[in-house]
Amino acid sequence: MTATRAIALAGDAAARDAARRVTRNRWLLLAPAVTIITLAAAGPILIVLVYSFLEKGNYAGVIWNFSSEAWFNVFLERGMFDDVVSFADAHLSIFLRSLRLAVMATAMAFVVGFPTAYFIATRPARTRNIWLFLITIPFWTNLLIRTFAIMEILRNEGVINVVLGWLHIVDEPIQMLYTDFAIAVGLLYVYLPLMVLPLYASIEKLDFRLVEAGYDLYANRWKVLRHVILPLVRPGIIAGSILVFIPALGAYVTPRVLGGGLNMMLGNLIEFQFGQGRNWPLGSAISLTLMALVMVALLIYVRATTGREARHG
Amino acid sequence: MKKLLTGALVLALPMLAAGTARADGELNIFNWGNYTNPALIEKFEKAYNVKVTLADYDSNDSMLAKIKAGGHGYDIVVPSDYMVKVMIDEGLLLETKPSSMSNFKNMTKQWQEVYFDKGRNYSVPWQWGTTGVTVNTKTYGGDINTWAVVFNPPEELKGKINVVPEMNDVINAALFYKGFPHCNTDKAQMKIVSDMLVEAKKTWLSMEYGNVERFGKEDIHAGVNWNGASMRARLANPNVAYGYPKEGLATWMDNVVVLKDAKNAENAKLFQNFIMDPENAAMISDFAKYANGIDGSEKFMPAEFANAPEIKAPSWYKAEFIPPCGQDVNELYTKIWTNLMK
């Protein structure tokens, strides 16, 4: 009896040891990732946070005195020519423009990306990888080079206008470069793969018997798409939209090159504060505001979409 | 694009040189984009057996931000006049005493005494020029010697204007146009300037730095521009001309300085002396098409250069540097600029 008990206890101890080992190994395996995330993500954000509460240096840099002026200036401004305090109209306009273009780019990426992903997912398994491979090709080239390539296509003496001229469709070149349209096209092109890949992953898992069932129940193609396919691939839509929306909101190179530098987006405003504006604390505060806004948008989005799913259940 | 290609080319050159001879040392130069003659760098590398690495920036302030952030590894930067003053005051520069270097005697008298570096204890001229206007005279045949071509443009030029996105250059030009003093904190005057810029911007096509090619290809037809860039555009397209606004225009000078934390300070000093040699200074101008401030360099350049309309200013023109303005001015300018770009 005692012997069996001892054995049982020993067994327990062994199991506990094993469990402890598993936990330890898990942590050891996680350690590199955790270290990198702490140092490379949390660290810089902390520095930015600290800087946003400091005084700005006379010529760039910061002075190590506490000040909340930068945060005041993100949202409010003292009038340039009188001392009336009002909402920071310039910052608000720049933010709204960024938001509008990011939403536009996300919507366009979905409209273009969904059929693409659907097409790939419905190919025979053998050829799917080739199509996916083709989607990743743009990633081989530097973003700046790709953006300049789009510029060559859109400019007044670029590919589109030359072809339209040959065909005598237009007499004067259409001004496409340096417009919001050019920025949206640029963002769409750059971030399209980020929409296609998660959509593909979702559509590939789609049970096509459900689609057939939909047809059997006299749904037309539109109804099948709306009531069967789209709800089932929602995780892919959410993931793709988030992946496109976030970098588009903070995009810097594309608006600068294709927008002709006429109007700032948030990324350009932040850069300006660290450059010619010589106001590092304000630049820090604006970038943190951008981060916070992205997080709030994400939370609202996720909350809204999961809520609907729960009702379905 | 061109800037990128030049950058890649210049970066590749030292590697080729390193293959043939072992470099005695290194030199890291941080200069404006599309501004450095690769042949000059090659010559320096051969003469002193030094491996040069070149990186580029597009504005004084982005350079200052990078230097202040630290960890950059550069030995030499090329700030404009007022920025030399700022960097000296901020204690960022090494006192290399160019005034006692062997080639100092070649520096044009006028540039030996400058407000931003009295007695030339830190800096050596790289190139100097003016900020004026560039106009395609085929598109617009009227008077181009006025800021009105960009701030109150004629019908022919509307929607075809590029203005460099340099806050100080643009606001200074606007102050000249309105006849107001520089480093201005007069709210009534600055409101006029701000409203004028907002109105004028509606007629601008873009606000970009690189514009030589775009003037050449007639993507743009007028703009605030630097004289050398304008000359390069004219060489690409003979219709392009440079105007000296009669309301006044600023002179600028970019200068080679050595950073206080330079690892290769000795090589950097050699470079400062090297570019005061007239033959070498001529190579600088030959590439970027600005005057260099070194006497005797014209002997090594084609006669057309010294007499080019972009280089030979009209007789009424008097060189005028605009000093750095105080923090309150910069704050006001920044607000005006952000509002303009919103």
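This is a short dialogue about a predicted model and how its features get their names.

Residues are numbered from 1 along each chain as its sequence is written, and chains are lettered from A and ligands numbered from 1 in the order in which they are written. Local features need pLDDT of at least 70, side-chain atom pairs count only at pLDDT 80 or more, and totals for chains, interfaces and linings use all residues.

Student: What makes a set of residues a nonpolar core?

Tutor: Its members are buried Ala, Val, Leu, Ile, Met, Phe, Trp, Tyr and Cys residues joined through C-beta atoms within 7 Å. Buried means that 20 or more other C-beta atoms lie within 10 Å of a residue's own, C-beta atoms being placed from the backbone. The largest nonpolar core has 158 residues. Among those touching the most other members are A:Y191 and B:I76.

Student: Which helix gives the most to this core?

Tutor: Helix α7 of chain A, residues 180–204, with 15 residues. Helices are DSSP runs of H or I, at least four residues long.

Student: Why is A:Y191 said to touch A:A105?

Tutor: Contact requires C-beta atoms, placed from the backbone, within 7 Å. A:Y191 touches A:A105, so their C-beta atoms meet that cut-off. Its other partners include A:V244 and A:P247, not counting residues up to four places away in sequence.

Student: What makes up the contact between domain 1 and domain 2 of chain B?

Tutor: 15 residues of domain 1 of chain B are in contact with 13 residues of domain 2 of chain B. α4(B) gives the most to the domain 1 side, with four residues.

Student: How are the domains of chain B known?

Tutor: Their bounds come from an automatic or database domain assignment. Domain 1 covers 2–128 + 253–307, and domain 2 covers 129–250 + 315–340. Their centres, taken over C-alpha atoms, are 27 Å apart.

Definitions and conventions: Buried ≥ 20, exposed ≤ 12 C-beta atoms within 10 Å, placed from the backbone. Helix = DSSP H or I, 4+ residues; strand = E, 2+ residues; numbered from the N terminus. Contact = placed C-beta atoms within 7 Å.
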